Each structure stands twice: as structure tokens, then as C-alpha cells.
Amino acid sequence: MFDLRAIRDNPDAFKTAWNRKAAGLGDETVPAILSLDEKLRAAVAEKQEAETARNTKSKLIGKAKASGNEEEAQSLMAAVAGAKAVIEEAGRIEAEIQAELNAILMGTPNLPLAEVPMGEDEAGNVQQGNGWGTPKTYDFEVKDHADLGADLKNGLGQSLMDFEAAAAMSGARFVALRGGLAKLERALSAFMLDTQTGQNGYEEVSPPLLVRDNALEGTGQLPKFEEDLFATTPDYLLTESGDFLTTESGHRIVLENGHYLIPTAEVPLTNLVREKILSEDQLPMRMTAHTPCFRSEAGSAGRDTKGMIRLHQFNKVELVSIVRDEAEGLEELERMTRCAEGILEALELPYRRMLLCTGDMGFGARKTYDLEVWLPSQNTYREISSCSYCGDFQARRMKARWRPDASEENQKPKPEFVHTLNGSGLAVGRTLVAVLENYQNADGSITVPEVLRPYMGGLEVIA
């Protein structure tokens, strides 16, 4: 959501920013918002004027009757009835316009910062620095992670990375890990959590995996990206005979709207401050969680169909920060990104940092860094973490605020919207992919990175 007064006072700034996000977006959106805003204020003013007239005349009716002036009383009663009709009609118009305005505001992306480069897609992203680490050279033909995982077997001859068994029960884009690979995935998660909590000051949270629609609206996944979410089935009202209760138009009457599986722990972590007013000493607030994540990947048909790069269910260690303002938010973005980079460096995985352009940046972000890890089988870097500063975009949707401490100049400071950030620290599945490919040996075995060996019971090689 956005501050309507800010759009009203400086429409050109919003036009320019949204046009940088997508050609013509600001030229279309700002006039539509201003037009609806004007109609909304007119409807509100008309309703308020009618309410004032109704209240004033209602008080006079009793006086007219007490004085025996029945004609005056009847005239006042007719005026009150007319005012009520105006109030109802103006209220109906107000509700319709507000709904239309909310639909535009909820469906319009955040404003990119001026420092974000222009671009339509990932080709417009800009590498920051020279990257970290040097990709290894191999004296054998490297395999991709899917082939490596399929060739690794347990004592029963079953693949440690089993796509076929997973597909039989769940369909495409699922995997079952066994033995050493399941343990390696768990080791990665534990190492990431221990690092983020023990070294980087994040508080570990175990959040719900099912959320209602208002939580997803708060962080910006709804209504824009509903097709990429997995929803549970709603509960419907039933008659005593077990039939569905329906409206006159034939629609089933919903008792419970159901839930959505989280696409990322960003959703429940950020919503922990929903409709709260935090004190200044509670900020910055830093939280982390390791959760399964669920995405339909509706917009990725045909992309990364082999292997673990793009699954419907995957594990991720998420980082979320709640801060006071933009200056602190941009400092926190650098800090958060370094916390994610530290994991890659500890695992000795070559990577690079990319500043995303306006066209490749997420819906709710104002500035985003992607970390891309080297994958030998693809001879290129692939995204493994995305860290974003969202400004007060999510906070306005969630009504999440903070109150500055009182000062001599201001004894009762007003609450202000917090600013939010989120990032991957890291995507566990993709990190597993990177470890398998970068640590593969000629015989198909996998050397366990040194920092993970304490989590693997001292195991040095998965063979």
C-alpha cells in the first residue's frame, strides 16, 4: 500500500518511479489513483455533510413537537429521511470506490530506489565487485547434481536422490533424499541456523507453515501472485443431511476460507509484527527460521525441470529484519547480504553479488541483491539467495509501526511505519546442489565440506 497524500502531493515522483519499474506503469497508475481519490473524497464529504444535517435536524424535531409546531416537525423529519438516503447512497459509492482504489494499490509494485539500475529482465542486473572465490578445475567430466545424486546408492541399491519415487507419490518437481544426502541437507540447515543465531545475532523462530490470506496480503504475495501459492480446501457450511448450503446464486457458503502453505518463511516472520506498535528499543529486530517452502512455480513452465533447482517443496533458512527507517534499512541490507555471503564463504563456494535491475526485482522490493553460486555442470552462476529492502511497503499493509522515544521537543511522538527486509540465508536445496557439484570427485563420491563435518558425525566423504 502507499500513502495517498504523498501521491496526491507529488504525483510526478510516483510516475517516474513506477515508469522505471515497467514502461508506462506510472503514466497509467497515477492518474487512475488520483481520479479515484478525488471521487472518494467527494463521496466522503457528501456523506459527512448529510450526517451533519441529519444530526442537526434530528435535534430540532423534538423542540418543534414540544412547541406544538407539527408542520415544522414533519418538515424536519422529511429532511432527516432525505439525509439518511443521501448517507446510504454516498456510503455505497464510497465503498465501491474504496474497493476499486484498494485493488489498484494492492496490485501495484513497490517503488524502486533511484540507485537501482534500469532494465527489463536479468540481463539488466549489475555485478557488484569481482565476486568471491575461484571456480575449481577438474581433470574429469563433471556431472550435474541430479546425476550425482542418482548414482549414489544406499545399502539396498536405492538412489540417495530419488526423483522417481517422489514423482510416483507427489508428481513432478519433488524429490526424496536418503541416507548421506538427507543428512547433508540437515547438516546444511543446522550450520546455517547456528551461524545466523550464534554469530550474526538473529533470533531463531519456529513459525506456522499455514497462514491465512491476510498474512500473504501483508507481505505482498496476495493478490498479485495467488497462482504461485498452494491453497488448502475451504470448509463449507452443511445442512443436517450433509448437503452444501448455498447462496441464491448457487455459490457454496464458506465457513472457513482455509489456509495457504507458506512460499517462504518471510511471510510468518514478518507478520509477527502485524498490527503492533514496537518501542524504539525493540529495533532493529532480526529473526531467522528454517522451514519447508511451497511454490507452484506457475510462471516457470519448462525451466529447470531436471533436478533440485526449482521444486514445489524445498527448505530454506530465511532472514527477516524490522528497522526504523530507510537509512537504517539500507545499512541493514548490506549487513543481511554479508550474513548470507558468510555461509557461502564458510562452505568455500565461489559466488558473485548482483544488484537487480528494476525489471527483475521483486514486487515488494525497493532494492535487491542476489547472490549467485557457481555450478560447474552449467558453467555459470545461479541464484542461491535474494536479499531485499522493502521500505514501509509491507508495514503499511500490515499496520506495523514503531514509536520513537519521547524527547524534550516531543513528549508524545506519533507512531511511524517500520521498514522491513527479507533474505535467504540460504536456500538449503540449492546450497546442497552447489556442494554436490563443487565437491564432486572423479569416482562420483562427494567430499563433505570441512565446516559441515561436525554435523555429519565426522564423515568426510559420501560415497
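Select Gly362 first: with a relative accessibility of 33% it counts as partly exposed, a class that lies between buried (under 20% relative accessible area) and exposed (over 50%), computed with a 1.4 Å probe on protein chains only. The model is predicted, so local features need pLDDT of at least 70 and side-chain atom pairs count only at pLDDT 80 or more, while totals for chains, interfaces and linings use all residues. Residues are numbered from 1 along each chain as its sequence is written, and side-chain values use heavy atoms, with hydrogens and water left out.

Gly362 sits in the loop between strand 12 (351-355) and strand 13 (367-375), where helices (H or I, at least four residues) and strands (E, at least two) are DSSP runs numbered from the N terminus. Add Pro109 to the selection: its C-alpha atom is 8.2 Å from that of Gly362, although 253 residues separate the two along the chain.

Go next to Asp144, in the loop between strand 1 (126-132) and helix 5 (145-151). Asp144 is buried, since its relative accessible area is 19%. Its side chain reaches the backbone nitrogen of Ala146 at 3.2 Å. Beyond neighbours within four places in sequence, Asp144 is in contact (heavy atoms within 4.5 Å) with Lys306, Ser377 and Glu437.

Now display the strands. Eight of them form an open sheet of mixed pairing, in the order 1-12-13-14-17-11-10-4, two strands being paired if DSSP finds at least two bridges between them. Strand 1 and strand 4 (203-204) stand at the edges with a single partner strand each, so one side of each has no neighbour in the sheet. At the strand 4 edge, 2 bridges join strand 4 to strand 10 (residues 285-294), and the two run parallel; select Glu204 to find its bridge partner in strand 10, Thr288.

Two helices can be added to this view. Helix 7 (residues 179-198) lies across strand 4, strand 10, strand 11 (313-323) and strand 17 (419-427), at about 165 degrees to strand 10; axes are lines fitted to C-alpha atoms, for helices over the stretch in contact, and angles run from 0 to 180 degrees between N-to-C directions. Helix 10 (residues 326-346) lies across several strands, among them strand 1, strand 12 and strand 14 (380-389), and runs at about 5 degrees to strand 17.

For the second sheet, select strands 9, 15 and 16, which form an open sheet in the order 9-15-16 with mixed pairing. Strand 9 (277-279) and strand 16 (416-417) are its edges, each with a single partner strand, so one side of each is without a neighbour in the sheet. Strand 15 (residues 401-403) is joined to strand 16 by 2 bridges in an antiparallel arrangement, and Trp402 stands opposite Glu416 in strand 16.

Finish with the empty space. The largest cavity, a set of points on a 1 Å grid over the protein atoms alone where a 1.4 Å probe fits but cannot get out, has a volume of about 30 Å³. Its lining (residues with an atom within 4 Å of a point) includes Ile309, Arg382 and Val433, and strand 14 gives the most to it, with 3 residues.

How values were computed. A polar contact is a pair of N or O atoms within 3.5 Å; within protein, one must be able to donate a hydrogen and the other to accept it, and residues adjacent in sequence count only if both atoms are side-chain atoms. On a 1 Å grid over the protein atoms alone, a cavity is a set of points where a 1.4 Å probe fits but cannot get out, and a pocket is an open set with protein on both sides within 12 Å along at least five of seven lines; lining residues have an atom within 4 Å of a point. Grid points are joined across faces, edges and corners, and a volume is the space filled by probe spheres set on the points.
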